[in-house]
Amino acid sequence: MSDCCSAPGLKPFNEALSQMLAQVSPITETLTLPIAQSMNYVLAQDIASPLNVPPHDNSAMDGYAFAINSLSASKTLKLVGRSMAGAPFQGECNAGECIRIMTGAKMPAGCDSVEMQENVSVAGEQISFLQEKTFGSHVRNAGEDIQINQQVLQQGHRITAVDIGVLASLGVAEVKVFRKLKVALIATGDELKLPGQALESGDIYESNSFVLAAMLNKLHVEVINFGIIGDDLAAITAAFVSADEQADAVISSGGVSVGDADYTKTVLDDLGEIAFWKIAMKPGKPFAFGKLKNSVFFGLPGNPVSALVTFHQLALVALIKMQNAQALKRTHIKVKCSTALKKSPGRMDFQRGILSVNEQGETVVASTGSQGSGILSSLAKANCFIILASEQGKLAAGEMVEVQLFDEFL
Ligand code: AMP
Ligand code: MG
């Protein structure tokens with residue numbers, strides 16, 4: 001009945017992504033922070049430089065400052081003063097004169113060039129220049145790093161350690177940033193136990209909330225972790241109600257399939273509005289997105305690989321928009337695949353790959369092997385996704401494929 005390329009009831013991946021992005025709104029609340037506390041926050045203002053950096057012409061060397069024209073008359077100049085970093089020479093340096101100068105010290109009035117101390121000979125106040133010099137030697141010009149009013153950082157930029165240094169160098173003490181997003185995490189499943197607990201028959205260790213919390217920490221959001229909630233309608237309802245009251249986004253894993261104990265979808269249907277809950281992607285078909293009273297929700301599948309891939313490809317992209325941060329730029333390249341790949345048409349695949357350079361110097365990708373959606377080690381070994389279009393079938397070794405390199409979140 002269904003042809004190869006349309007999977008009935010499944011939303012194409014790109015449609016799901018754009019529909020989801022259209023439905024989430026960036027936060028607007030801001031706070032002002034001292035720069036030392038601003039790491040990883042998203043800037044809520046453009047930053048233009050209030051000054052030239054460096055603020056004045058200064059010496060790049062320990063040596064002697066002079067006017068280049070003085071040297072055409074004589075190679076020996078008279079020492080008439082000193083300019084130190086923080087204690088500039090106050091007077092004027094005239095023709096035939098020079099000034100002792102240290103690295104970073106302000107260029108004295110009347111000087112345009114510097115000679116390093118290793119290239120002069122000193123006899124009392126007589127300084128002899130041993131080499132030819134050109135105009136402007138060893139001088140760092142005012143504004144050569146950043147000019148006054150030049151835009152340095154843009155709204156939406158995530159502040160890095162280097163940015164904090166740049167802000168300090170501009171004399172900027174505080175910045176306006178967007179507040180942290182609050183994200184609630186709920187892991188559902190009667191079989192789940194925390195690492196450290198004993199497993200009883202049929203139990204497994206809960207891993208989704210650990211991976212997700214770690215990735216959310218990288219994203220610099222506030223994580224509200226509800227831990228493990230059993231497969232119980234009332235308990236899941238209570239967790240979602242509480243999460244919705246506290247968070248901007250609620251992320252659950254498990255219980256979105258159609259099994260007897262899959263209550264998440266029922267609860268979401270009841271408390272909010274589900275925009276869609278099945279995507280034509282592999283891994284990750286059962287992914288629910290929608291709105292609760294105050295927050296948005298992302299209902300991830302329970303299988304660890306599916307949970308991670310849908311979080312990374314969909315939820316994370318939406319959270320970044322909600323943070324008001326610049327969109328992620330993921331790197332896609334086309335390379336030869338050195339292994340054969342299994343694939344049935346109908347869903348877009350995110351297979352786990354290992355990108356490397358072979359002995360011929362060619363960049364190639366290989367499958368990590370078994371692609372089961374419960375096999376978390378397949379992701380741990382990988383450094384990229386091999387993205388295969390929905391209509392694509394199996395591939396023989398040697399064919400070209402599209403690869404998405406892992407970003408900083410994986
Ligand atoms: P579900 O979507 O609840 O049917 O779960 C699908 C599969 O993922 C089952 O094998 C679950 O045991 C497993 N699973 C669900 N949640 C988690 C979790 N938080 N950590 C690890 N495995 C999970
Ligand atoms: Mg379950």
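Select Thr 76 in this predicted model; opposite Thr 76 stands Ser 128, a residue of β10. Next, colour the two strands concerned: β6 (residues 76-83) and β10 (residues 126-129) are antiparallel partners, paired over three bridges.

Keep β10 in view and add strand β9 (residues 120-123), which runs antiparallel to β10 and is joined to β10 by four bridges. Within this pairing, Ala 123 is found opposite Gln 126 of β10. Then select Gly 124: the hairpin of β9 and β10 has two residues between the strands, and there Gly 124 adopts a positive phi near 60 degrees.

Now move to ligand 1 and display its surroundings. The space that ligand 1 takes is the largest pocket. Its shell consists of 17 residues, and the closest are Glu 191, Glu 206, Ser 207, Gly 255 and Gly 302. By class, the shell comprises five nonpolar, nine polar and three charged residues. Highlight β14 (182-188) and β16 (204-205) as well, since each of these strands supplies at least two residues of the shell.

Three contacts to ligand 1 merit individual inspection.

- Ser 207: a backbone N or O atom of this residue is 3.0 Å from a nitrogen atom of ligand 1.
- Asn 208: here a polar side-chain atom is placed 3.3 Å from a nitrogen atom of ligand 1.
- Gly 255: a backbone N or O atom lies 2.9 Å from an oxygen atom of ligand 1.

Finally, show the surface of the protein around ligand 1. On its own, ligand 1 has 480 Å² of accessible area, of which the protein covers 78%.

Conventions
Residues numbered from 1 in each chain as written. Chains lettered and ligands numbered in written order. Predicted model: local features only at pLDDT ≥ 70, side-chain atom pairs only at ≥ 80, totals over all residues. Heavy atoms only, no water. Near = heavy atom within 4 Å. Polar contact = N/O pair within 3.5 Å; in protein donor to acceptor, adjacent residues only side chain to side chain. Areas by Shrake-Rupley, 256 points an atom, 1.4 Å probe, with all protein chains shown as cover. 1 Å grid on protein atoms, 1.4 Å probe; cavity = no way out; pocket = protein on both sides within 12 Å on 5 of 7 lines; lining within 4 Å. Sits in = over half its atoms within 2 Å of the grid points. Nonpolar A, V, L, I, M, F, W, Y, C, P; charged D, E, K, R; others polar. Pairing = 2+ DSSP bridges.
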